[in-house]
Amino acid sequence: MKVKTIIDKNKDEEIIIYAHEKTSMIDEIESLVNSYSTQFIGYTDRVIRPLTLSEIYSFNVIDNKVYARLEKEVFLLKMRLYVIEDLIDNTFVKINQSCIVNIKKIKKFDSTFTGTLGVELKNGYKDYVSRRQMKVVKERIGI
């Protein structure tokens, strides 16, 4: 596979891949490009800043407001969860009605006595996988 970069300030930025078939490397490239090009605006009491997909651990709905959890910070997003679902790439998976997590930021899964599957992220956040989303989550993480 060859790589070619052309710097031209007069043209729109674009990435084109010619391939014989779709491979995991192409999926990784698409994911990387999407994580840099898709930005969300996060709000806290004092700060408003752009957030990239690669730094977001999860999207959560709390009291009908959507929040983006980073490693140590939580930002309010002025978007609905279903809109975020359309903008994110395949490195994220919806685990229940109010939470979408970054697959690369998952630390571990725990099964509980009630049969649900718990998820712990690398930043310490814990949530559960609903029965409705169990099949999709297992497929996405390769179980």
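The legends below accompany an overall view and several close-up views of a predicted model.

**Figure 1. Overall view of the predicted model, with its three helices and ten strands.** From the N terminus on, the elements follow the order α-β-β-β-β-β-α-β-β-β-β-β-α. Taken along the principal axes, the box filled by the C-alpha atoms is roughly 55 × 40 × 25 Å. The protein has 143 residues, of which 34% count as buried, and its accessible surface comes to about 10,700 Å², with 49% of that area belonging to carbon and sulfur atoms. Among contacts between residues at least 6 apart in sequence, 42% join residues at least 24 apart. The charged side chains comprise 24 positive and 20 negative ones, and the centres of these two sets lie 4 Å apart.

**Figure 2. Close-up of the largest nonpolar core, which has 15 residues.** The members that touch the most other members of this core are F40, L51, I56, F59, L77 and I88. Strand β4 (65-69), strand β5 (74-77) and helix α2 (81-87) each supply at least two residues of the core. A second, separate core has 13 residues, among them C99, V101, I106 and V119. As a general background to this view, nonpolar side chains tend to be buried together in soluble globular proteins.

**Figure 3. Close-up of F59 and the residues around it, leaving aside neighbours within four places in sequence.** The contacts of F59 include F40, L77 and I88, three residues that are listed, together with F59 itself, among those touching the most other members of the largest nonpolar core. Further contacts of F59 include L53, Y67, A68, L81, I84 and F92. F59 is also in contact with S98, C99 and I100, and of these residues C99 is named as a member of the second, separate core.

**Figure 4. Close-up of N96, a residue of strand β6 (residues 92-96).** N96 counts as buried because its relative accessibility is 1%, where the limit for a buried residue is under 20%. A polar atom of the N96 side chain lies 3.0 Å from the backbone nitrogen of C99, and the side chain of N96 also makes a polar contact, at 3.1 Å, with the side chain of D127. When neighbours within four places in sequence are left aside, the residues in contact with N96 are D127, Y128, S130 and Q133. D127 therefore appears in this view both as a polar partner of the N96 side chain and in the list of contacts that leaves those neighbours aside, while N96 itself is buried at 1% relative accessibility.

**Figure 5. Close-up of Y57, in the loop between β2 (48-52) and β3.** Y57 is a loop residue, yet it is buried, with a relative accessible area of 8%. Not counting residues up to four places away in sequence, Y57 touches R69, L70 and E71, as well as I100, V101 and N102, and in addition K105, L121, K122 and N123. One of these, V101, is also named as a member of the second core. The C-alpha atoms of Y57 and K104 are 8.4 Å apart in space, although the two residues are 47 residues apart in sequence.

**Figure 6. Close-up of D63 and N64 in the loop between β3 (58-62) and β4.** D63 has a phi near 55°, which is a positive value in a residue other than glycine, and N64, likewise a residue other than glycine, has a positive phi near 60°. D63 counts as exposed because its relative accessibility is 70%, and N64 is exposed as well, with a relative accessible area of 68%.

**Figure 7. Paired views of I15, in the segment before α1 (24-37), and of T112, in the loop between β8 (106-111) and β9 (117-121).** I15 counts as exposed at 57% relative accessibility, whereas T112 is partly exposed, with a relative accessible area of 37%. From C-alpha to C-alpha, I15 and E30 are 9.3 Å apart in space and 15 residues apart in sequence. T112 and T44 are 68 residues apart in sequence, and their C-alpha atoms are 34 Å apart in space.

Terms used:
Residues numbered from 1 in each chain as written. Predicted model: local features only at pLDDT ≥ 70, side-chain atom pairs only at ≥ 80, totals over all residues. Heavy atoms only, no water. Helix = DSSP H or I, 4+ residues; strand = E, 2+ residues; numbered from the N terminus. Buried < 20%, exposed > 50% of the residue type's maximum accessible area, 1.4 Å probe, protein only. Polar contact = N/O pair within 3.5 Å; in protein donor to acceptor, adjacent residues only side chain to side chain. Contact = heavy atoms within 4.5 Å. Areas by Shrake-Rupley, 256 points an atom, 1.4 Å probe, with all protein chains shown as cover. Lys, Arg positive; Asp, Glu negative; His and termini not counted. Charge placed at Lys NZ, Arg CZ, Asp CG, Glu CD. Core = buried A, V, L, I, M, F, W, Y, C linked by side-chain atoms within 4.5 Å.
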